[in-house]
Amino acid sequence: MRLAMIYMASGFGRRFGSNKLLTPLWGRPLYQHGLQHLLEAAGRLEDCGNFQTSVIVASQYEEILDYARSLGAGAVYNPFSAEGITASIRLGTMNAPADTELYLYFVADQPCLSAESVVRLVEGLVESGRGIGSVKEGSPCIFAAKYREELLALTGDRGGRQIIRRHPEDVWEMELPDEELRDIDLPGDLPFCIAVIGAGGKTTAVKQLAAAGAERSVLLTTTTHMYPVEPPECRKLLLDPSAEALMEEIRKPGVLCAGSSAAEGKMGSLPDTLLKQAVRAAELTVYEADGAKRLPLKLHRPDEPVILPDTALCLIVAGLSALGKPVCEVVHRYERNPAWVVDAGRLVGPEEFLYCVLENVRACELPVERIRVLLNQADCLADAQAGEQLVRALRVKGLDCRMGSLQREPELLRAWMFAVD
């Protein structure tokens, strides 16, 4: 059976305020996720031996068309984007092979829709014997060739739903989880992931960041170990959850703390596959990515911190209470600095403090524009000028650095960390 899979990537993103399709998401432009899922689905359908597939990308953006060509997909320039989604439908349909029997239409702003679900939609329609397949209240939609002329005649921005409403008796519907159907219309719709590393108030920072987003679905977790957060500081704590239980809870607004059981009353990371699934389902994820043994400064082993590829920002916390105290007492893994091993009583001054912070910057391996540095415990300073000098020194390095006290300023992180373009 000949199947044309048409990827529609021509939108202007007017509600988003910019070209949302090119907006970074999980380390690459948003549009690439859906296209790769579609290509994966095409490969699976080919492998089963029942389908010949063609993937066609309709877009007004040369970057997207070039990327489609690089993956072996068809690329159709769309000069009629102002007409709405029906222009992409028309161009994709016209450029499909003449013997196409099924037309599948896939929008580019649903990055979580999986290849598995696309395969299920195609196979489900064929098994149903009907001419139209649809995800309930959403995209994608698939049409038999008998609807080709109606598809070509569509106008406006309502897409194939117009045809579905005209032929309800010929429609087969499939349900999908809400997280797969999430579309990106506004900047706030983008899943957002924040790592917190360092020392000197890190757990407090994690809790405050999670609470700041609690009107959305928030996942509070770790990629290493941390003490679990329990109600009332979160909505619910899940240890060792099944995938079904985790996905059910993560759809609800509020802070969900989730991880695996670990020794000494701590919580470890979720299994890799489940963690990835949870991060992509949550609207906001905040996670601890290293440990510090409750000390105010931290150096890292080569395997630390554990930063997720979906991370948008990394907050580095450093405790100003370390100033004037021996490195062996206030720096976790101080022995990572060979000079400090032979001089463990060396007092932490500006040079030592900056060494620790800049080591944290290097360890997280993110560009500086995705790093924030908080010099916490400002209330411990007898002379605020000492902290201000450190802030200036870090800003010279191109870092967005601030000084404050999480204990005394619980709203400190809200506007700073979530004011992201």
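I began at P305, which lies in the loop between β17 (297-298) and β18 (313-319); helices (H or I, at least four residues) and strands (E, at least two) are DSSP runs, numbered from the N terminus. The peptide bond that leads from E304 into P305 is cis, with omega near -20 degrees. I note that this is a predicted model, in which local features need pLDDT of at least 70 and side-chain atom pairs count only at pLDDT 80 or more, while totals for chains, interfaces and linings use all residues. Residues are numbered from 1 along each chain as its sequence is written, and side-chain values use heavy atoms, with hydrogens and water left out.

I then looked up P232, in the loop between β12 (225-226) and β13 (236-239), and found the peptide bond from P231 to P232 to be cis, with omega near 10 degrees.

Next I turned to backbone angles. E264 is not a glycine, yet has a positive phi of about 60 degrees; this residue sits in the loop between β14 (254-261) and β15 (267-268) and is exposed, with a relative accessible area of 66%. I take buried as under 20% relative accessible area, exposed as over 50% and partly exposed as in between, with a 1.4 Å probe and protein chains only. E365, also not a glycine, has a positive phi of about 55 degrees, and I found E365 in the loop between α13 (350-364) and β20 (371-376), exposed at a relative accessible area of 70%.

For the aromatic residues, I searched the whole structure and obtained five aromatic pairs. The ring centres of F143 and Y147 are 6.3 Å apart and their planes stand at 70 degrees, so I entered the pair as edge-to-face; rings of Phe, Tyr and Trp (its six-membered ring) pair if their centres lie within 6.5 Å, with planes under 30 degrees apart counted as stacked, over 60 as edge-to-face and the rest as tilted. Both F143 and Y147 are buried, and ring pairs join them with Y105 in a cluster.

Last, I looked at the nonpolar cores, each a set of buried Ala, Val, Leu, Ile, Met, Phe, Trp, Tyr and Cys residues joined through side-chain atoms within 4.5 Å. The largest has 48 residues, of which L246, V331, F353, V373 and L375 touch the most other members. Its largest share, six residues, comes from α13. Apart from this core lies another, of 43 residues, including L3 and M174.
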